[in-house]
Amino acid sequence: MWCELSQANFFDEYQIEGVSPEDNEICLEVAPENLSRALKTVQNAKAVKVKLTKKHCPCLTIAAELPTLSSIGRIVTHDVPVDVIPRRLWHEFKEPSMPDFDVSIFLPHLKTMKNVVDRMKNLSNFLVIEASQNGQMNLKIETDLVSVTTHFKDLGNPPWGDVASQEGRASQSRNPDTMAEARVDIRRLQQFLMGQQVQPSKAMCNIVHHKVVHLILLHEDMSLQYFIPAVVQSG
Amino acid sequence: MYLQGMDCIVTGGNVKVLAKAIHSLSRIGDELYVEPQDDGLALRSVNSSRSAYACFLFAPLYFSRYTIPSENVFRCRMAIKSVQAVFRSLASLEKTVEKCHIVLDKKKNRLTFTLHCKHGLLKTHNLSFQDSESLQAVFDKDSCGNVFKAKSRLLVDTVMHFPSSLDEVTVSVNADRMWFRNHVDEETESKAMLTELCLASDEFDEFSVQDHSSITFCLKELRGLLVFAESTGLPISMYFDEPGSPVVLSVTDSVLEGNFVLATLSDDPSQRKSNTKRAQTPPPPPPDDDFMNDDMDSYLIAMDTSMAPGPSTAAPATTPLAEYTSKPPVAANHRTRIHSDDEQEEDETSETDGPPNKKFCSLFFGSVLPSSSLMSTQPLTNQEVLASDSEEDS
């Protein structure tokens with residue numbers, strides 16, 4: 001998963017001193033549950049400060065002033081331990097390049113999609129996502145006992161134009177009715193959908209046939225990409 | 001009529017409160033100790049390591065009928081899950097149960113709960129029990145130097161910042177602040193997440209500090225009390241002294257009193273002075289301060305478990321701690337082996353075998369205090385007066 005936030009939209013103050021003036025970046029590794037818990041508890045805070053500190057180890061210190069009835073605010077501090085990633089390993093943490101997709105399509109409303117996937121999860125561990133360049137998408141599961149398909153139409157396809165037409169897989173030359181598909185672990189898809197609380201401004205899905213599903217969500221101040229590798233069809 | 005046990009009736013909303021008390025006791029231990037007393041029905045629980053104890057005393061006035069035998073004091077214990085099953089659905093209790101009739105039959109070793117519900121429906125639960133030894137903790141909250149009282153909401157909101165799995169929390173106080181921090185054993189978890197919350201004294205209804213100190217205890221065991229207090233709207237009072245002495249949290253109203261007594265981590269005596277000094281200048285919110293230089297040893301909860309079977313009197317003869325047979329690793333750290341009543345004495349506690357032994361040993365059981373301090377059902381204001389210093393007038 002790759003997520004980018006525009007700092008100006010989230011922070012009133014933002015100061016950073018990176019590794020060096022040329023590499024004004026810092027790369028940190030952190031346990032998401034710690035960070036998530038810390039941020040959750042300060043949801044109602046008047047103000048939250050995030051600082052990189054050195055305590056017993058490098059930490060992201062999240063300090064917040066909580067609203068109280070008393071004259072003195074209630075201060076809570078969470079020191080979340082982090083690992084600083086050395087510069088020589090930064091290349092491992094770059095934005096993944098967008099794969100050459102076969103089909104790119106806008107997703108249906110995420111809530112609808114989540115409802116469908118939630119129900120399908122009870123029936124099968126794997127789900128096939130297929131889509132075409134004429135705005136059709138199907139979510140399919142198939143077991144020995146049952147097969148279920150949910151059809152979406154008129155979803156629309158993002159106008160990538162020449163951006164994606166690199167290897168002759170140009171969207172224009174492709175038959176718009178041909179489906180590209182990928183079989184994925186349904187839990188991955190469900191986990192991803194579960195985490196989306198707000199409908200993004202744009203949500204799309206790029207499919208590399210039998211290889212990978214690339215989900216892209218664009219919000220006003222944040223972008224999120226999620227790559228789910230395809231599972232080999234058994235039998 | 002020779003009463004073989006106990007016969008009492010709880011009516012209306014008191015049934016639900018009783019049920020909630022039992023549920024909160026179940027967060028401490030697996031067994032419920034029941035003892036009908038002259039001053040009320042005592043329900044108690046203790047955890048397996050004897051580091052946490054809770055007692056709810058329901059005064060006779062809590063019941064619409066409270067009949068106990070005049071002699072032959074009786075104590076029993078039973079699986080708490082069985083009792084919880086009687087009061088399973090709290091929400092429906094309120095709506096359907098009109099009264100609860102509790103009868104203890106010594107001859108048949110049976111405790112019968114009969115729920116009288118709407119539409120003439122009777123639900124009867126027969127629970128078997130075992131005779132039990134006395135289970136009373138040694139503590140005297142009136143003698144504690146540090147006394148705090150706050151609405152339960154304050155503590156619930158504070159505890160919310162710590163993960164529910166968190167074992168130990170350190171509470172530090174100075175003249176006008178109280179800090180809560182999760183306690184982390186440096187040797188085992190050098191990369192743990194640290195959380196600190198600071199409360200100002202004016203958030204409390206009462207904030208009285210005699211000694212700036214820092215105590216560490218198990219947070220998990222408290223949650224039962226917090227749930228109870230919040231649902232009943234009662235404020236929570238907190239009493240403690242120096243590290244090593246138990247911390248007492250209680251809720252009181254005119255007809256019931258709940259006390260949760262938890263062991264606290266004990267300092268090494270040589271560390272004590274420096275800890276005290278440090279506690280007097282607690283770290284301010286700016287994160288530059290490093291407070292993780294505690295060198296506290298294993299927890300010690302002194303539990304005097306010299307059980308006195310038979311009639312419990314106000315002052316059973318016990319040499320509190322000398323007879324305590326604890327598990328060996330725990331015993332090695334057992335501060336209370338010093339059986340003097342003066343809790344200031346401390347053994348060599350710094351040596352432990354193997355990894356830091358963080359067991360809270362049993363503590364404070366044994367010699368029963370005069371009933372007034374333990375079992376008083378007077379409203380808290382009275383207790384406040386008792387606890388005040390000699391210099392202060394009531």
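How many salt bridges does the structure hold over all chains? The structure, which is a predicted model, holds 19 of them over all chains, and three of these pairs are described below after a look at confidence and at part of the strand pairing in chain A.

**Confidence in chain A**

Chain A averages a pLDDT of 87, and 93% of its residues score at least 70. A stretch to read with care is residues 164-171 of chain A, where pLDDT stays under 50 and for which the model has 13 contacts beyond four places in sequence. Where pLDDT is low, the predicted coordinates should not be read in detail.

**Strands S7, S8 and S9 of chain A**

Strand S8 of chain A, residues 137-142, pairs with strand S7, residues 126-132, in the antiparallel sense over four bridges, and within this pairing Asn138(A) of S8(A) is the bridge partner of Glu130(A). The hairpin of S7(A) and S8(A) has four residues between the strands, and in this hairpin Gly135(A) takes a positive phi near 80°. S8(A) is also joined by six bridges to strand S9 of chain A, residues 147-152, with the two strands running antiparallel. Here Met137(A) stands opposite Phe152(A) in S9(A), and the hairpin that leads from S8(A) to S9(A) passes through four residues.

**Three salt bridges**

The table gives the N to O distance for each pair.

| Acidic residue | Basic residue | N to O distance |
|---|---|---|
| Asp79(A) | Lys55(A) | 2.9 Å |
| Glu203(B) | Arg74(A) | 2.8 Å |
| Glu35(B) | Arg75(B) | 3.6 Å |

The side chains of Asp79(A) and Lys55(A) meet in a salt bridge. Because Asp79(A) lies in strand S5 of chain A and Lys55(A) in the loop between strands S3 and S4 of chain A, this pair ties together parts that are 24 residues apart in sequence. Asp79(A) is buried, with a relative accessible area of 3%, and Lys55(A) is buried as well, with 15%.

A salt bridge also links the side chains of Glu203(B) and Arg74(A). Glu203(B) lies in the loop between strands S14 and S15 of chain B, whereas Arg74(A) lies in strand S5 of chain A, so the pair joins two chains. Glu203(B) is buried at a relative accessible area of 15%, and Arg74(A) counts as buried at 9%.

Within chain B, the side chains of Glu35(B) and Arg75(B) meet in a salt bridge. Since Glu35(B) lies in strand S2 of chain B and Arg75(B) in the loop between strands S5 and S6 of chain B, the pair ties together parts that are 40 residues apart in sequence. Glu35(B) is buried, with a relative accessible area of 2%, and Arg75(B) is buried, with 7%. Salt bridges that share partners join Glu35(B), Arg44(B) and Arg75(B) into one network.

Conventions: Residues are numbered from 1 along each chain as its sequence is written. Chains are lettered from A and ligands numbered from 1 in the order in which they are written. Side-chain values use heavy atoms; hydrogens and water are left out. pLDDT is the predictor's confidence in each residue, from 0 to 100. Contact means heavy atoms within 4.5 Å. Two strands pair if DSSP finds at least two bridges between them. A salt bridge is a side-chain nitrogen of Lys or Arg within 4 Å of a carboxyl oxygen of Asp or Glu. Buried means under 20% relative accessible area, exposed over 50%, partly exposed in between (1.4 Å probe, protein chains only).
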